[in-house]
Amino acid sequence: MHDVDGSFGTAGEAPIRFPTPWPRRFGTSTVAPDGSLAVFAGVHALRAIDRTGAVRWEVRHGCWYGACREMHRSFEEYADDRDHRYPDGGSAGFSADGRLVWAHVRGPLPGSELDAETVDEWLVLDAVEGRLLARANARSAAAGSVHVPHPDPRRMGLTIGEGQDGSPLRWGRWDGETLTVEYFEDQDLVLLGVSPSGDRFLTVNHDQDTLAVHDIEDGSVLAEWDAESVIPRHADAEPDNDEVWPFWDWAGGFIDEATVITGTVESDEEWGEGRHWLIGTSPTRSPEPVAYPLPVSGTPTGLGDGTWYTVAGSEVHVWTLR
């Protein structure tokens with residue numbers, strides 16, 4: 001983890017490193033807002049590791065390899081098993097204040113009161129001790145997931161990928177006693193980001209044709225853009241090819257309260273360089289292409305503070321509109 005602005009008093013110094021408890025391709029990871037703790041969401045467990053490399057806590061759960069019903073005690077139990085080589089997976093995310101860890105795991109956990117047929121669970125944990133505070137049925141059969149924190153530490157977004165079957169979206173709220181979950185049933189929306197105020201969130205539908213900004217309280221659509229209607233043909237596409245059609249990437253986010261960024265990189269790659277788009281949300285404006293001063297590959301991610309980042313090869317670039 002790199003401290004780029006001195007938030008932890010280490011700007012310009014060597015990065016903070018956390019040893020991975022298993023090979024990186026077996027799961028995902030997240031770091032606390034203050035840089036003190038990393039949580040690794042693996043195939044069989046969540047493991048929290050501090051800056052010294054010490055294990056702070058671990059929570060074991062069901063195995064993410066679909067045909068396995070074991071509660072593994074360690075990674076070594078399946079490290080060399082060919083069937084576990086490409087498992088599904090969950091994720092974890094810290095609340096905005098770093099006090100909670102939200103985790104999407106394969107369930108049900110031991111002692112769970114949820115139905116034995118529950119496939120995935122959504123947990124709320126105390127970040128210091130790993131103590132389970134609340135759990136809910138995620139109502140999904142995930143291939144993968146991503147947590148999207150809300151500025152309100154009591155809220156968290158979860159976007160779940162089920163492959164070709166869909167992309168469930170979940171919003172959770174923990175008031176200290178009760179966990180409530182909004183399920184957005186049958187909408188198949190991928191959550192891309194939350195506005196800096198927390199009043200709105202950005203999605204793209206599973207078919208990747210509609211980008212939308214929603215009201216956080218009721219999920220209603222405040223603005224939306226159909227890719228085929230607002231994105232021009234790629235300049236390098238064959239002029240007589242009738243199968244050139246753009247679609248939104250499953251990536252993006254808010255640059256600031258009134259501007260979002262996303263891309264059409266996946267649909268552009270057959271014709272040439274992938275494009276990124278700036279879109280005004282207040283007032284609503286048509287997408288404007290981003291003109292970078294150097295080649296940029298991959299998709300953009302909005303940071304909400306007036307900037308966004310891109311990854312090109314081994315380099316990360318942070319950009320601003322100013």
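## Strands 17 to 20

Two strands count as paired if DSSP finds at least two bridges between them. With that in hand, let us look at this predicted model, beginning with strand 18 (residues 259-263) and strand 19 (residues 276-280), which run antiparallel and are joined by 5 bridges. One pair to pick out on screen is I261 and its bridge partner in strand 19, L278.

These two strands belong to an open sheet of 4 strands, ordered 17-18-19-20 with antiparallel pairing. Strand 17 (252-256) and strand 20 (288-289) are at the edges; each has a single partner strand, so one side of each is left without a neighbour in the sheet.

## Strands 21 to 23

Further along the chain there is an open sheet of 3 strands, again worth a look: its order is 21-22-23, and the pairing is antiparallel. Here the edges are formed by strand 21 (301-302) and strand 23 (315-320), each of which pairs on one side only.

Strand 21 meets strand 22 (residues 307-312) in the antiparallel sense, over 2 bridges. Within this pairing, T301 stands opposite Y309 in strand 22.

## Strand 7 and its neighbours

Strand 7 makes a good stop on the tour, since its pairing and its burial can be followed residue by residue. On one flank, strand 6 and strand 7 pair in the antiparallel sense over 7 bridges, and V105 has E121 in strand 7 as its bridge partner. Strand 7 is also joined to strand 8 by 5 bridges, and these two run antiparallel as well. In that pairing, L123 has R135 of strand 8 as its bridge partner. The hairpin of strand 7 and strand 8 has 5 residues between the strands, and in it G130 takes a positive phi near 75°.

How many of the residues of strand 7 are buried? The count is 7 of 7, and the strand is mostly covered. Both faces take part: D120, W122, V124 and D126 are buried on one side, while E121, L123 and L125 are buried on the other.

## The nonpolar cores

The largest nonpolar core has 27 residues, and W102, V124, W174 and L179 touch the most other members. Elements that give two or more residues to this core are strand 2 (37-41), strand 6 (100-106), strand 7 (120-126), strand 8 (132-137), strand 10 (155-161) and strand 12 (179-182). Strand 10 gives the most, with 3 residues.

L179 is a handy residue to centre the view on. Leaving aside residues up to four places away in sequence, L179 touches W102, W122, V124, A134, R135, A136, R173 and W174. A second, separate core holds 17 residues, including L37, W57, V59 and V101.

## A cavity to find

Rolling a probe the size of a water molecule over the atoms shows where empty space is left. In this structure there is 1 cavity of 30 Å³ or more, and the largest cavity has a volume of about 40 Å³.

Which residues line the largest cavity? They are P232, R233, H234, V244, W245, P246, S267, D268, W271 and R275. By character, this lining divides into 5 nonpolar, 2 polar and 3 charged residues.

Methods:
Residues are numbered from 1 along each chain as its sequence is written. This is a predicted model: local features need pLDDT of at least 70, side-chain atom pairs count only at pLDDT 80 or more; totals for chains, interfaces and linings use all residues. Side-chain values use heavy atoms; hydrogens and water are left out. A nonpolar core is a set of buried Ala, Val, Leu, Ile, Met, Phe, Trp, Tyr and Cys residues joined through side-chain atoms within 4.5 Å. Buried means under 20% relative accessible area, exposed over 50%, partly exposed in between (1.4 Å probe, protein chains only). Contact means heavy atoms within 4.5 Å. On a 1 Å grid over the protein atoms alone, a cavity is a set of points where a 1.4 Å probe fits but cannot get out, and a pocket is an open set with protein on both sides within 12 Å along at least five of seven lines; lining residues have an atom within 4 Å of a point. Grid points are joined across faces, edges and corners, and a volume is the space filled by probe spheres set on the points. Ala, Val, Leu, Ile, Met, Phe, Trp, Tyr, Cys and Pro count as nonpolar, Asp, Glu, Lys and Arg as charged, and the others, Gly among them, as polar.
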